[in-house]
Amino acid sequence: MLAATTKSDTRYELVVGMEVHVQLLTRSKMFCRCATDYAGAPPNTRVCPVCLGMPGTLPVINRDAVEATVKTGLALGCEIAETAVFARKNYTYPDLPKGYQISQFELPLCIHGRVDVDLPDGSTSPIRVRRVHLEEDTGRSVHEGGYSYVDLNRAGVPLMEIVTEADIHSAEQAYAFLTGLRSVLRYLGVSSGDMEKGAMRCEPNISVRTPEQKARGEYGAKVEVKNLNSFRAVRSAIEYEMRRQIDVLQSGGAVEQVNMGWDEERQRTVLQRTKESSDDYRYFPEPDLPPLALSRAWVDEIRAELPELPGAKRARYIRDWGLRPTEADALTGESLVACFFEGAVAAYGEEDGKPQRMANWITGELFRLIYADGEGQDLRQIADVRIAPAQLAALLALIDDKTINPNTGKKVLDIMYATGDDPQDIVAREGLAMVSDTSVIDEAVASILAANPAELARYRGGETKLFGFFMGQVMRATQGKADPNAARQRLQELLDEA
Amino acid sequence: MTHDKTAQDKRALHELTIHAALEGMRSGEFTSVQLTQALLDRIAAVDGNVKAYLRVTAEKALAQAEKADRRRAAGDDAPLLGAPLAIKDVLATSGVETTCGSRILQGFMPPYTATAVARLNDAGMVMLGKTNTDEFAMGSSTENSAFFTTHNPWDFDRVPGGSSGGSAAAVAADEALGALGTDTGGSVRQPAALCGVVGLKPSYGRVSRFGLIAYGSSLDQIGTLTKDVRDAALLLNVIAGSDPLDSTCLETPAPDYTAALTGDVRGLRIGLPDEYFIDGMQPEVEASVRQAVAELERLGAEVVRISLPNTDKALPVYYLAATAEASANLARYDGVRFGYSAGADSMFENIRRTRGEGFGAEVKRRIMLGTYALSAGYYDAYYLKAQQVRTLIKRDFEQAFTQVDVIAAPTSPTTAFRIGEKVDDPIQMYLTDIFTISANLAGVCAVSVPCGFDKANLPIGMQLIGPHLGEETILRAADAYERATDWQRHAPALTGRAS
Ligand SMILES: [Zn+2]
């Protein structure tokens with residue numbers, strides 16, 4: 001079955017559009033002054049008459065949220081509206097206090113963007129962004145023991161919605177798009193992008209179509225998948241849905257346009273309650289908020305203040321510092337990592353391949369320590385590491401000037417990671433400096449030759465591969481501090497002295 | 001049975017205008033406590049028949065009056081210090097039950113106060129209580145109040161108009177020196193006309209809507225009901241101006257409106273729109289309004305015939321725009337957080353039953369109308385079309401105000417109708433607002449002033465409509481007319497077959 005599916009897979013094209021909801025990192029809510037720091041707060045303690053939807057209260061737009069959305073729009077290559085309009089999206093649910101969500105329908109803040117997604121195989125695919133708009137989050141409902149509970153702490157938190165065109169054609173592309181998008185959001189500082197905390201929510205619309213349908217400009221029936229809690233889950237869900245839909249079509253069935261949920265445990269999509277009729281949200285312009293005029297001067301100001309984004313950084317590392325793409329990728333995914341790297345290069349130097357050596361140390365040794373020690377695989381923890389970029393640069397300088405050898409350097413790094421001490425102090429304190437004094441090396445070599453007469457005889461009898469054995473003994477005797485080059489040279493001389 | 005108040009040597013305290021009462025308190029003639037007590041006595045004497053108030057907050061009123069007297073003794077002379085006023089029950093008042101005349105909000109104690117009311121409080125107002133209204137301000141007679149109908153002080157068998165009928169009746173019956181109402185399609189001006197008082201609807205955005213429990217958000221505006229035009233200006237001085245809590249409230253600073261009351265209308269161009277004098281209106285209303293315009297002409301104004309060609313479309317546009325907004329505005333009454341809750345077993349069943357039991361028939365009718373107008377497949381034909389025609393109506397006014405300074409028209413096509421007369425015929429009821437609705441759709445200001453009586457001794461109102469933010473002009477014209485006539489000095493009979 002697998003073989004058959006795989007073979008026929010090539011007949012079908014996967015078509016995915018993505019809706020991504022992003023909680024913005026503003027201090028206060030979208031339309032009132034309540035704090036957004038509700039994580040861990042007791043239910044209904046971050047609320048006021050406005051976000052409780054009490055009668056007679058009115059929304060007031062949070063300018064910071066608009067700015068964050070414009071920033072994001074600009075970073076995604078969007079056009080920024082001169083006039084944006086908020087609209088009421090009407091539906092009934094107890095965690096939607098007003099009975100409508102203030103959102104945007106016609107005239108969103110940003111339209112017509114484009115993100116170029118780099119894939120692991122080195123290819124790049126453009127994904128068009130249809131719109132980026134601003135709305136308010138809902139509260140949360142808990143259904144337990146026959147009761148329904150409503151917590152409105154989250155109600156009114158600014159939520160940015162990013163909608164792509166159906167330009168995604170593989171689960172890998174979707175994964176890369178989301179990773180890239182989150183990276184941009186974090187660079188801009190507009191969102192934590194933490195999916196597991198609900199700060200970023202992705203809903204892919206998934207369909208498949210035959211080449212004939214494609215030729216006619218037609219699409220297959222879309223399935224929207226909800227409650228995906230990680231990028232990995234998004235990727236798995238898309239792969240699963242694609243296979244499921246192809247199987248349905250191949251067995252002569254039709255794909256139904258439904259909403260599915262993702263069952264993480266069983267790694268499959270499950271049908272959510274089907275709706276009796278299609279949604280009719282009865283959007284109309286929000287009469288409580290006049291149309292929002294966005295002056296070109298303000299937009300230009302925001303544009304001028306945009307930070308260097310991951311793509312540009314990656315290109316610069318490769319172009320100016322000769323970095324390999326692998327390390328350039330690894331260092332630019334998180335702005336905090338890039339920031340650390342750039343600080344370290346500034347202290348260490350840009351000449352003689354130094355940035356690549358620094359890149360190797362960070363992506364190799366420092367990442368290893370963070371992964372082993374920190375919570376999860378979250379590289380943003382680099383900001384909490386006790387090693388300062390300049391200290392790492394100092395460590396590499398000690399290796400470069402042969403004060404220590406690279407292996408000792410790793411040991412020193414471990415100590416630096418644990419203590420935050422300067423590498424020079426650690427080397428001095430622990431006596432780790434390399435020994436290039438020939439008298440010390442001579443002494444070690446002499447005593448080893450004396451202690452291993454049999455091996456010495458075999459070596460001198462022509463068994464020269466025993467050189468490695470003697471070399472190891474010398475390094476062990478000097479606790480690894482011997483300058484390997486000096487040690488090798490003296491050993492050779494003394495062995496050949498006879 | 002009209003009697004002329006000027007015939008009395010000295011008016012009773014409850015009969016005073018706000019500005020006269022303020023003079024009396026300033027000169028030490030009486031205190032706010034005495035004045036407030038006089039009004040509470042008056043309410044006790046007549047409100048059993050008038051039924052203007054949903055609740056009288058006597059204790060709080062006396063406490064506020066005492067405070068006002070202390071402030072005055074300390075040298076304070078805030079603009080409304082010690083003046084007892086009434087507040088329509090669609091305006092949120094912290095710690096005082098606010099129901100919108102609806103069962104669904106019975107027992108609702110807002111933890112906030114409407115900006116307009118808060119400004120009155122700061123200016124020293126004594127709040128006497130909350131006045132009756134059609135449920136959620138949806139109606140033209142107060143018959144849609146979930147609690148009871150208010151009676152017209154000129155004839156208890158008749159409606160006071162609505163939806164601010166409680167406020168208009170309270171002022172007409174001397175149960176308050178003045179009152180706040182709200183006007184979405186004529187809800188201040190029409191009851192003012194039917195009760196023989198002055199009703200001012202400011203321009204959209206002139207007064208903050210924060211705390212005004214929304215009916216049609218793009219049309220709602222807080223207005224005043226007073227015994228004369230000067231009192232309207234005094235109240236507007238206090239309530240007008242920008243508010244950070246309402247993004248639709250204008251930043252334009254409010255002038256001193258009393259300064260506009262010069263009594264001089266020489267050279268003022270008054271437009272008489274053909275479309276506002278139509279077949280089917282009560283002949284005495286037309287005659288009185290035409291006579292009032294002639295009086296203004298005599299005072300030096302110039303009268304110009306004008307046209308507002310889209311007037312006939314105002315009523316359908318209003319009943320699409322207002323109801324569409326209302327359908328969303330009233331979605332929040334779900335029994336989850338405040339107000340009435342039916343206590344059903346399941347979540348959605350409780351929402352259904354709460355709304356089914358909590359809302360009255362007219363409110364449900366308008367929610368359904370509005371929901372329909374916004375529905376997929378109907379939006380373009382109804383809601384969108386209504387918005388487009390609304391723009392045409394707005395242009396009619398912009399065009400007219402290039403030719404004239406003020407537009408004069410009847411406020412209501414008839415005088416007060418009998419209680420029960422139109423309750424079963426929504427269209428007839430809706431038609432009573434035919435002359436007032438356009439001002440809301442266009443966002444312009446308008447005031448209704450008494451201009452005569454019909455054969456049954458029921459008051460008639462003339463409406464003076466001004467351009468957006470033209471309050472000074474309409475108040476000047478209304479004041480000049482008032483000075484030249486004595487309609488406002490007539491007092492209602494307070495008779496009829498009271499229920
Ligand atoms: Zn809030």
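In this predicted model, helices H9(B) and H12(B) cross with a left-handed sense. H9 of chain B covers residues 314-329, and H12 of chain B covers residues 380-400. Their axes lie 9 Å apart and make an angle of about 125°. That angle makes H9(B) oblique to H12(B), because an angle counts as oblique when it falls outside the ranges set for roughly parallel, roughly perpendicular and roughly antiparallel pairs.

The H9(B) side of this packing consists of B:Ala314, B:Val317, B:Leu320, B:Ala321 and B:Ala324. These residues meet B:Tyr382, B:Tyr383, B:Ala386, B:Gln387, B:Val389, B:Arg390 and B:Ile393 of H12(B). Sorted by class, the contact of H9(B) with H12(B) holds 10 nonpolar residues, 1 polar residue and 1 charged residue.

A helix pair in chain A can be described in the same terms. H2(A), residues 63-75, and H3(A), residues 171-188, have axes that come within 10 Å and cross at roughly 130°. H2(A) is therefore oblique to H3(A). The crossing of H2(A) and H3(A) is right-handed. H2(A) brings A:Lys71, A:Thr72 and A:Ala75 to the contact, and H3(A) brings A:Val184, A:Leu185 and A:Leu188. The contact of H2(A) with H3(A) divides into 4 nonpolar residues, 1 polar residue and 1 charged residue.

**The two chains**

The table lists overall values for each chain.

| Chain | Residues | Radius of gyration | Value for a compact globule |
|---|---|---|---|
| A | 498 residues | 30 Å | near 23 Å |
| B | 499 residues | 21 Å | near 23 Å |

The radius of gyration of chain B, 21 Å, agrees with the value near 23 Å for a compact globule of 499 residues. For chain A, a compact globule of 498 residues would have a value near 23 Å, but the chain has 30 Å. Taken along the principal axes, the C-alpha atoms of chain A fill a box of roughly 100 × 55 × 50 Å. The C-alpha trace of chain B spans about 65 × 55 × 50 Å along its own principal axes.

Chain A contains 17 helices and 16 strands, and chain B contains 15 helices and 13 strands. In chain A, 41% of the 498 residues are buried; in chain B, 60% of the 499 residues are buried. Of the contacts in chain A between residues at least 6 apart in sequence, 69% join residues at least 24 apart. In chain B, residues 24 or more positions apart account for 77% of the contacts with a separation of 6 or more.

**Where the chains meet**

The contact between the chains takes 35 residues from chain B and 26 residues from chain A. On the chain B side, the elements giving two or more residues are H9, H10 (347-358) and H11 (361-374). H9(B), the helix that also packs against H12(B), supplies the largest share of that side, 3 residues. By class, the side of chain B that touches chain A has 22 nonpolar, 7 polar and 6 charged residues.

**Loops of chain B**

Most residues other than glycine have a negative phi, and most peptide bonds are trans. Some sites in the loops of chain B depart from this pattern.

B:Lys51 is not a glycine, yet its phi is positive, near 60°. The residue sits in the loop between H2 (32-50) and S2 (53-56) of chain B. B:Lys51 counts as buried because 25 C-beta neighbours lie inside 10 Å.

B:Asn457 also has a positive phi of about 60° without being a glycine. Its loop runs between S11 (445-453) and S12 (459-466) of chain B. With 15 other C-beta atoms within 10 Å, B:Asn457 is partly exposed.

The peptide bond joining B:Gly162 and B:Ser163 is cis, with omega about 10°. B:Ser163 belongs to the loop between S4 and H5 of chain B.

B:Thr149 is found in the loop between S4 (126-131) and H5 (165-172) of chain B. B:Thr149 is buried, as 21 other C-beta atoms lie within 10 Å. Leaving out residues up to four places away in sequence, B:Thr149 touches B:Lys51, B:Thr142, B:Glu143 and B:Ile419. One of these partners, B:Lys51, is the residue with a positive phi near 60°. The C-alpha atom of B:Thr149 is separated by 23 Å from that of B:Gln221, a residue 72 places away along the chain.

How values were computed. Residues numbered from 1 in each chain as written. Chains lettered and ligands numbered in written order. Predicted model: local features only at pLDDT ≥ 70, side-chain atom pairs only at ≥ 80, totals over all residues. Axes fitted to C-alpha atoms, helices over the stretch in contact; angles between N-to-C directions. Helix = DSSP H or I, 4+ residues; strand = E, 2+ residues; numbered from the N terminus. Parallel < 35°, antiparallel > 145°, perpendicular 65-115°, else oblique. Left-handed = near helix turned anticlockwise from the far one by under 90°. Contact = placed C-beta atoms within 7 Å. Nonpolar A, V, L, I, M, F, W, Y, C, P; charged D, E, K, R; others polar. Rg over C-alpha atoms; globule rule 2.2 N^0.38 Å. Buried ≥ 20, exposed ≤ 12 C-beta atoms within 10 Å, placed from the backbone.
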